[in-house]
Amino acid sequence: MTRYLLTFLASLLFAAAAQAQLTIEIPTAAGRQIPVAVMPLKGEDGQPQAISSVVSDDLKRSGLFRLVNTVGISPLPTEPSEVTFPDWTARTAEALVIGKVDPLPDGRVEVRFRLFDVAKQSQLASYSYVVAPAQLRATAHRIADVIYERLTGDKGVFSTKITYVVKRGTRYELQVSDADGFNPQTVLASNEPIISPSWSPDGSRLAYVSFDQKKPVVVVQNLAQGTTKVVAGFRGNNSAPSWSPDGSQVAVALSKDGLTQIYRVPSGGGDAQRLTDSSGIDTQPAFSPDGQWIAFTSDRGGTPQVYRMPAAGGPAQRMTFDGTYNVGPRFSPDGKSLAYVQRDAGRFRIALLEIATGQVTVLTEGSLDDSPSFAPNGKIILYEAQAGGRGQLAAVSTDGRVRQRLASAAGDVRDPAWGPFPTN
């Protein structure tokens with residue numbers, strides 16, 4: 001059942017009364033892949049985390065790179081003077097990564113890496129990081145981000161975070177993990193449902209819907225402090241939070257005045273400002289990246305469709321016309337596209353609308369795909385899928401070439417949201 005239907009049912013209920021880590025399993029890719037050779041970093045064997053393996057896994061998982069076999073190269077280069085470019089040209093490598101890890105007297109380590117263009121026999125990047133050994137995995141993601149950006153022209157997202165809800169029996173856990181599913185942390189656990197998590201623009205807070213008060217309320221949680229605040233706990237249904245680009249406001253769907261409509265509330269709490277006044281149910285708001293628009297789902301025209309309106313409220317413009325069910329819009333980071341859930345022949349799939357042209361591309365092939373969320377570089381969409389009767393996370397590139405599945409043995413995994421680029 002899609003998020004729109006959940007919200008719709010919650011609205012009806014309250015109108016009447018009141019309502020492990022992930023592992024990447026099946027990456028698939030099509031099209032050209034950049035062949036890159038990633039050397040083991042000198043000195044990484046004695047550290048708690050081998051950097052080269054994390055970098056290799058990141059690049060491979062993206063679907064845009066092919067790892068070059070290094071068997072037979074001896075010794076493996078760790079310094080520029082040791083690189084013999086013809087060897088790597090013969091192995092069809094277009095890029096080469098070398099580096100080393102040196103322990104420092106204070107217990108930290110210095111990580112150095114270099115990226116080479118094999119054909120031009122030139123250095124593309126060289127960076128050094130001084131970190132604690134416990135930060136080596138995060139450092140490897142930063143290195144993979146640099147390589148990704150230098151070789152594709154787009155920023156990498158390996159250092160970002162994702163959040164999602166895991167349901168184990170009757171228990172719900174709101175978790176935050178690295179983008180590759182490692183290092184999951186439970187930031188909230190409850191025997192009542194948790195739905196619709198949404199990252200603040202700076203990544204420091206999460207807004208979500210909690211049922212701990214025996215009704216849905218919108219909560220903002222500070223991740224570093226662990227503090228929580230109910231920012232929408234009005235009569236009836238409080239749901240579907242979405243942050244304004246400056247983090248000062250949260251758009252929400254409220255039924256406090258009757259039918260569920262779109263409002264916005266200060267992210268620190270305060271009065272709600274009503275933005276829509278329609279004869280249908282308006283829900284699932286999403287701010288555009290420039291803060292000028294809010295996209296949302298409405299059945300004002302008879303079937304649930306995606307609309308957009310000025311962020312301060314005003315006339316709404318229908319955005320979707322294919323089919324009778326298009327819900328859950330999310331703007332791409334550049335504001336040029338909308339991802340949403342489209343029902344076609346009884347199957348719920350993730351679709352992408354190019355706003356300027358109106359062109360729609362269906363990106364997924366599942367039967368019950370839901371909750372699309374863009375990576376901050378706009379190249380990948382994370383979403384909820386179904387397999388074996390359980391929810392799991394999946395990802396698809398916005399050109400449809402690369403598909404991934406992030407599986408969990410722990411339970412149902414739902415409601416993913418991709419966090420912003422790290423600020424440090």
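# Close-up views of a predicted model

**Figure 1. Four strands make an open sheet in the order 9-8-7-30, with antiparallel pairing.** Let us start with the edges of this sheet, in a model that is predicted rather than determined by experiment. Strand 9 (185–190) and strand 30 stand at the two edges, and each has a single partner strand, so one side of each is left without a neighbour in the sheet. On average, neighbouring strands here are turned by 20 degrees against each other, direction ignored. Zoom in on strand 7 (residues 161–168) and you will find an antiparallel pairing with strand 30 over 5 bridges. A handy landmark for this pairing is Ile 162, which stands opposite Trp 418 in strand 30.

**Figure 2. A second view shows an open sheet of 4 strands in the order 18-19-20-21, again with antiparallel pairing.** Strand 18 and strand 21 (317–318) are the edge strands, each pairing on one side only. Is strand 18 buried or exposed? Of its 6 residues, 6 are buried, so strand 18 is largely enclosed by the rest of the structure. Strand 18 runs antiparallel to strand 19 (residues 293–298), and 4 bridges join the two. Two pairs help you find your way along them: Thr 283 has Thr 297 of strand 19 as its bridge partner, and Ala 286 stands opposite Ala 295 in strand 19. The hairpin that these strands form has 5 residues between the strands, and there Gly 291 takes a positive phi near 75 degrees.

**Figure 3. The second largest pocket holds about 930 Å³ of space.** Its lining counts 39 residues, and those closest to the centre of the pocket are Ser 198, Trp 199, Ser 242, Arg 330 and Ser 373. Which elements give two or more residues to this lining? They are helix 1 (3–16), strand 10 (194–199), strand 14 (238–243), strand 18 (282–287), strand 22 (326–331), strand 26 (370–374) and strand 30 (412–418). Strand 26 provides the largest share, with 5 residues. Sorted by class, the lining of this pocket has 23 nonpolar, 12 polar and 4 charged residues. Two of the contributors should look familiar from the earlier views: strand 18 and strand 30 both appear among the lining elements.

**Figure 4. The largest cavity encloses about 160 Å³ of space.** Rolling a probe the size of a water molecule over the atoms shows where empty space is left. The lining of this cavity is made of 16 residues, with Arg 61, Val 157, Ile 380, Gln 404 and Trp 418 nearest its centre. You have met Trp 418 already, as the residue of strand 30 that Ile 162 stands opposite. At least two lining residues come from each of helix 2 (51–62), strand 27 and strand 29 (403–407). Helix 2 gives the most, with 3 residues. By class, 11 of the lining residues are nonpolar, 3 are polar and 2 are charged.

**Figure 5. Lys 100 and Glu 79 form one of the salt bridges, and their closest N and O atoms are 3.1 Å apart.** Side chains of opposite charge can pair when their charged atoms come close. The structure holds 19 salt bridges, and the one between Lys 100 and Glu 79 makes a good first example. Lys 100 sits in strand 4 (residues 95–103), while Glu 79 belongs to the loop between strand 3 (65–67) and helix 3 (85–90), so to speak 21 residues away. Glu 79 has a relative accessible area of 24% and is partly exposed.**Figure 6. Asp 154 and Lys 379 meet in a salt bridge with the closest N and O atoms 3.7 Å apart.** Asp 154 lies in the loop between helix 4 (136–152) and strand 7, and Lys 379 in the loop between strand 26 and strand 27 (380–387), so the pair ties together parts that are 225 residues apart in sequence. Asp 154 is partly exposed at 25% relative accessibility, and Lys 379 is partly exposed with a relative accessible area of 33%.

**Figure 7. Glu 173 and Arg 168 join their side chains in a salt bridge of 3.1 Å, N to O.** Glu 173 or its partner: how does each sit? Glu 173 is buried, because its relative accessible area of 9% falls under the 20% cut-off. Arg 168, at 27% relative accessibility, counts as partly exposed. Elsewhere, salt bridges with shared partners join Lys 256, Asp 257, Arg 274 and Asp 277 into one network.

How values were computed: Residues are numbered from 1 along each chain as its sequence is written. This is a predicted model: local features need pLDDT of at least 70, side-chain atom pairs count only at pLDDT 80 or more; totals for chains, interfaces and linings use all residues. Side-chain values use heavy atoms; hydrogens and water are left out. On a 1 Å grid over the protein atoms alone, a cavity is a set of points where a 1.4 Å probe fits but cannot get out, and a pocket is an open set with protein on both sides within 12 Å along at least five of seven lines; lining residues have an atom within 4 Å of a point. Grid points are joined across faces, edges and corners, and a volume is the space filled by probe spheres set on the points. Ala, Val, Leu, Ile, Met, Phe, Trp, Tyr, Cys and Pro count as nonpolar, Asp, Glu, Lys and Arg as charged, and the others, Gly among them, as polar. Two strands pair if DSSP finds at least two bridges between them. Axes are lines fitted to C-alpha atoms, for helices over the stretch in contact, and angles run from 0 to 180 degrees between N-to-C directions. A salt bridge is a side-chain nitrogen of Lys or Arg within 4 Å of a carboxyl oxygen of Asp or Glu. Buried means under 20% relative accessible area, exposed over 50%, partly exposed in between (1.4 Å probe, protein chains only).
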